[in-house]
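Thanks for coming. I will walk through one structure today, starting with a sheet and what packs on it, then going on to the disulfides and one buried polar residue.

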Amino acid sequence: MTENMKSLRNFFLYKCLFALTFWNHISLSVENELFTSVSNDFPEDGSDKKIKSLPLLYTNNHQSKANFDWVVIQNTTENLSLSEITNGNVKKLVALLSNFRQGSRLQNLTLTNVSVDWNALIDIFQTVWSSSIEYFNITSVTQLSDIESYDFDYSGTSMKALTVKKVLITDLYFSQDDLYKIFADMNIEALTIAESEMIHMLCPSSDSPFRYLNFLKNDLTDLLFQKCDKFIQLETLILQKNKFESLSKVSFMTSRMKLLKYLDMSSNLLSHDAADVQCQWAESLTELDLSSNQLTDAVFECLPVSIEKLDLQNNQITSVAKGMAELKSLKELNLASNRLADLPGCGGFTSLEFLNIEMNSILTPSADFFQSCPRVRELQAGHNPFKCSCELQDFIRLERQSGGKLFGWPAAYVCEYPEDLRGTQLKDFHLTELACNTTLLLVTALLLTLVLVAVVAFLCIYLDVPWYVRMTWQWTQTKRRAWHNHPKEQETVLQFHAFISYSERDSLWVKNELIPNLEKGEGGVQLCQHERNFIPGKSIMENIINCIEKSYKSIFVLSPNFVQSEWCHYELYFAHHKFFSENSNSLILILLEPIPPFIIPARYHKLKALMAKRTYLEWPKERSKHALFWANLRAAISINLPMVDEKRCGETD
């Protein structure tokens with residue numbers, strides 16, 4: 001083709017597209033179906049540059065009579081985007097796509113807002129499979145009619161990757177195999193089905209060419225791909241934000257995937273019991289994401305030995321067991337946002353190079369970390385509640401000797417304790433050697449201790465006086481009102497076995513576990529709960545006091561949520577007052593979740609004292625110990641109440 005002919009062709013193409021864009025969006029007519037060009041990506045000069053992207057939007061303008069040269073589209077368009085596909089225009093869409101046979105330039109197709117029946121959807125997929133399209137993206141799909149079996153023809157395709165997002169199936173009664181088989185047997189390298197509430201996927205009927213599978217944000221469970229040996233080329237598997245529960249079952253799912261390298265199981269419900277069967281992972285697995293699950297220390301007994309990069313952030317890990325299996329290939333470990341109290345050693349991670357342990361509960365990190373982990377090049381340990389003391393001096397000195405291995409230093413390393421140093425960066429915290437010498441400070445410490453005890457006692461009393469005065473006033477006022485309202489009823493009649501005090505955030509456990517297990521059966525325990533036993537019209541304070549007095553025991557469900565509740569503090573105060581005024585053993589403490597001492601407010605010293613001096617029942621995580629827990633709790637509140645009609649707290653005849 002001569003230069004003049006090329007220039008003439010491009011000039012003509014430019015004029016045509018210019019007219020299509022600016023002359024009131026003149027439509028492209030293909031078998032009476034109209035698509036409006038919304039692209040300005042055409043050459044602005046007489047060069048031989050070809051159009052690579054030509055997005056089209058369906059329009060109902062049937063008045064246009066313009067025609068379009070399909071050869072030009074086939075030879076110039078690499079990307080095509082269409083929207084608003086319905087049963088009314090799907091046949092014309094199929095006719096449009098049928099023009100892009102293998103050998104044309106179209107490689108990428110995107111369909112958005114597709115609302116068609118099953119047969120129409122299959123026609124779209126089958127047409128795409130026979131075209132030159134390599135990458136097909138379809139988003140916001142609503143399937144409107146009955147799903148039925150279809151013999152899909154996968155042969156001779158150019159397809160490499162399919163992405164399906166936000167699928168809504170209105171048909172509630174159909175054979176799931178008819179739907180899943182279409183996708184499971186696809187002969188492409190990459191498949192993504194995301195945000196579609198998918199509950200299962202079939203194992204391919206023959207060896208699959210899939211190298212990449214992404215099932216993000218669905219409803220898949222532990223039943224997925226069990227005993228499936230058809231993924232002989234799969235390298236990447238993403239199952240983030242699903243409903244997997246058993247880590248051991250996940251490991252067995254991968255054991256037959258011989259080439260699997262990357263697995264993302266983040267944001268599921270995964271847990272692992274040390275008593276479970278042994279885990280069996282794919283030997284090729286090198287990168288594993290288990291973040292945002294429910295994993296505890298036992299997870300280290302169920303990890304692939306070949307792993308090189310491991311993400312365990314945002315779980316419930318408190319320590320790294322020394323007797324765990326060695327992960328000799330592990331280079332990167334993320335333990336951020338867990339419950340660790342110290343830096344883990346590298347006894348089981350001899351090749352570790354990067355460690356992230358930010359946002360844990362580390363007060364004083366071990367100073368010998370880099371000695372036990374000589375290959376570590378970067379340590380992220382910031383955003384922990386550091387306790388600035390003599391013990392921390394060694395860690396600060398370690399940073400100076402590490403040569404910049406502490407990531408985020410100094411901004412992320414700040415004193416949390418003691419309070420007078422809160423906010424001070426560790427680099428600015430200094431103590432002399434004399435101050436940290438225990439022998440030299442012994443005599444001085446004895447004298448200072450006496451002074452300190454007196455000062456602390458004075459401050460505690462001084463700071464808590466307004467609060468305790470207010471509580472005492474509430475108690476006195478309630479007693480006075482009760483005296484004036486019912487002067488003849490001075491002897492307290494017990495109506496309940498126990499009054500329950502808990503944080504509203506722990507109400508699910510109280511309603512689903514505590515109350516049903518204590519009240520069920522003959523001779524069940526009668527519990528006083530604020531939702532059903534508080535008297536409308538009375539103040540909350542008066543209801544609390546009356547319920548505590550009408551109950552033989554007071555049960556306190558302790559957790560980090562409890563210490564953050566002001567009303568729980570009131571209930572604890574009044575129950576504690578009854579404990580001393582009546583010299584009764586009426587308090588029962590249940591530790592639902594561990595409470596780190598540093599999160600208990602200073603004025604909750606009564607709670608600290610109770611937990612230190614009194615025996616409390618700890619809710620066991622192991623289901624096998626639940627029966628013993630309920631038996632001990634029932635024994636603690638065992639008493640025969642007088643025969644009275646069930647009433648609300650403080651209610652009289």
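Before the first pair, one term: two strands count as paired if DSSP finds at least two bridges between them. Keep in mind throughout that this is a predicted model.

With that term in hand, take Leu-558, whose bridge partner in strand 22 is Leu-591. That pair belongs to a set of five bridges joining strand 21, residues 551-558, to strand 22, residues 587-591, and the two strands run parallel. Another bridge partner pair there is Ser-554 with Leu-587 of strand 22. On to the next strand: strand 22 also pairs with strand 23, again in the parallel sense, over two bridges. Here Leu-591 stands opposite Glu-618 of strand 23.

Now the whole sheet. It is open, has five strands with parallel pairing, and the order is 20-19-21-22-23. Which strands stand at the edges? They are strand 20, residues 527-528, and strand 23, residues 617-618; each has a single partner strand, so one side of each is left without a neighbour in the sheet. Helix 10, residues 507-519, packs on this sheet and touches strand 19 (496-501), strand 20, strand 21 and strand 22. The direction of helix 10 makes about 145° with that of strand 21.

Back to strand 22 for its side chains. How many of its five residues are buried? Five of the five are, so to speak of strand 22 as mostly covered is fair, given that buried means under 20% relative accessible area. In a regular strand the side chains alternate between the two faces of the sheet. In strand 22, Leu-587, Leu-589 and Leu-591 point one way, Ile-588 and Ile-590 point the other way, and all are buried.

Next is helix 15, residues 626-636. Its buried residues are His-626, Phe-629, Trp-630 and Leu-633. These cover an arc of only 95° around the axis, which puts them on the same side of helix 15. Ala-627, Leu-628 and Ala-635 are exposed, on the other side of helix 15. What covers the buried residues of helix 15? The cover includes helix 10, strand 21, strand 22 and strand 23. Strands 21, 22 and 23 are members of the open sheet I described, and helix 10 is the helix that packs on that sheet.

Now the disulfides. A disulfide is a covalent bond between the sulfur atoms of two cysteines. The count in this model comes to four. I will go through three of them, including the one between Cys-203 and Cys-228, where the sulfur atoms are 2.0 Å apart. The torsion about that S-S bond is about 75°, so the disulfide is right-handed. Cys-203 lies in the loop between strand 8 (190-194) and strand 9, and Cys-228 in the loop between strand 9 and strand 10 (236-238), so the pair ties together parts that are 25 residues apart in sequence. Cys-203 is partly exposed, at 32% relative accessibility, whereas Cys-228 is buried, at 1%.

Another disulfide joins Cys-279 to Cys-302, with an S to S distance of 1.7 Å. Its torsion is about -105°, so this disulfide is left-handed. Cys-279 sits in the loop between strand 11 (262-264) and strand 12 (287-289), and Cys-302 in the loop between strand 12 and strand 13 (309-311), so the pair ties together parts that are 23 residues apart in sequence. Cys-302 is buried, at 0% relative accessibility.

Then there is Cys-346 with Cys-373, S to S 1.8 Å. The torsion is about 100°, so this disulfide is right-handed. Cys-346 lies in the loop between strand 14 (332-334) and strand 15 (354-356), and Cys-373 in the loop between helix 7 (369-372) and strand 16 (378-380), so the pair ties together parts that are 27 residues apart in sequence. Is Cys-346 buried or exposed? Cys-346 is buried, with a relative accessible area of 5%, and Cys-373 is buried too, at 1%.

Last, the polar residue. Asn-214 is in strand 9, residues 212-214. Asn-214 is buried, with a relative accessible area of 11%. Its side chain makes a polar contact of 3.2 Å with the side chain of Tyr-212. Leaving aside neighbours within four places in sequence, Asn-214 is in contact with Leu-191, Thr-192, Ile-193 and Ile-238.

Key
Residues are numbered from 1 along each chain as its sequence is written. This is a predicted model: local features need pLDDT of at least 70, side-chain atom pairs count only at pLDDT 80 or more; totals for chains, interfaces and linings use all residues. Side-chain values use heavy atoms; hydrogens and water are left out. Helices (H or I, at least four residues) and strands (E, at least two) are DSSP runs, numbered from the N terminus. Contact means heavy atoms within 4.5 Å. Axes are lines fitted to C-alpha atoms, for helices over the stretch in contact, and angles run from 0 to 180 degrees between N-to-C directions. Buried means under 20% relative accessible area, exposed over 50%, partly exposed in between (1.4 Å probe, protein chains only). A polar contact is a pair of N or O atoms within 3.5 Å; within protein, one must be able to donate a hydrogen and the other to accept it, and residues adjacent in sequence count only if both atoms are side-chain atoms. A disulfide is a pair of cysteine sulfur atoms within 2.5 Å. The arc is that of the directions from the helix axis to the C-beta atoms.
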